[in-house]
Amino acid sequence: MNELSPPGMLFSYLRAFLGTRIAALRESDDRGASAVELAVITAVLVALAVLILGIIVTFAKKQGDNITNTNVPAVPANGNN
């Protein structure tokens with residue numbers, strides 16, 4: 001592949017960019033979030049999911065009750081209006 005062609009330049013740039021990012025990560029002592037932080041974030045996301053699920057179930061039950069409580073008009077016995 002020609003290094004001066006657009007795909008070649010893109011790959012060269014990406015290789016250089018990722019190389020500098022990886023080198024910076026290797027030098028840093030901070031490796032990211034701890035297990036406690038991840039557990040708290042997960043607990044918050046689970047609580048939000050349960051809350052949203054409760055809202056959806058409540059809405060669906062109300063809509064179902066509205067459907068079953070409707071009155072359907074009776075059809076005349078002779079079939080005419």
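Begin by selecting helix H1, which covers residues 6-27, and within it pick out Tyr13 and Phe17, two residues that sit 4 residues apart, or about one turn of the helix. Keep in mind, as you look at these side chains, that the model is a predicted one.

Show the rings next. A pair of aromatic rings is described by the distance of the centres and the angle of the planes. A search of the whole structure finds 1 aromatic pair, and it is formed by Tyr13 and Phe17, whose rings are stacked, with 6.1 Å from centre to centre and 20° between the planes. Now turn on the surface and colour these two residues: Tyr13 has a relative accessible area of 54% and is therefore exposed, since exposed means over 50%, while Phe17, at 39% relative accessibility, counts as partly exposed.

Move on to helix H2, which spans residues 35-68, and select Leu51, which is found there. Is Leu51 buried or exposed? Leu51 is exposed, with a relative accessible area of 52%. Extend the selection to Val36, Leu38, Val40, Ile41, Val44, Leu45, Leu48 and Ile55, which together with Leu51 make a nonpolar surface patch of about 860 Å².

Finally, zoom out to the whole protein, in which there are 2 helices and 0 strands. Of its 81 residues, 2% count as buried, and the accessible surface comes to about 7600 Å², with 67% of that area belonging to carbon and sulfur atoms.

Methods: Residues numbered from 1 in each chain as written. Predicted model: local features only at pLDDT ≥ 70, side-chain atom pairs only at ≥ 80, totals over all residues. Heavy atoms only, no water. Patch = residues over 30% accessible without salt bridge, like charges linked within 9 Å, V, L, I, M, F, W, Y side chains within 5 Å. Areas by Shrake-Rupley, 256 points an atom, 1.4 Å probe, with all protein chains shown as cover. Salt bridge = Lys/Arg side-chain N within 4 Å of Asp/Glu carboxyl O. Buried < 20%, exposed > 50% of the residue type's maximum accessible area, 1.4 Å probe, protein only. Phe/Tyr/Trp six-rings, centres within 6.5 Å; stacked < 30°, edge-to-face > 60°.
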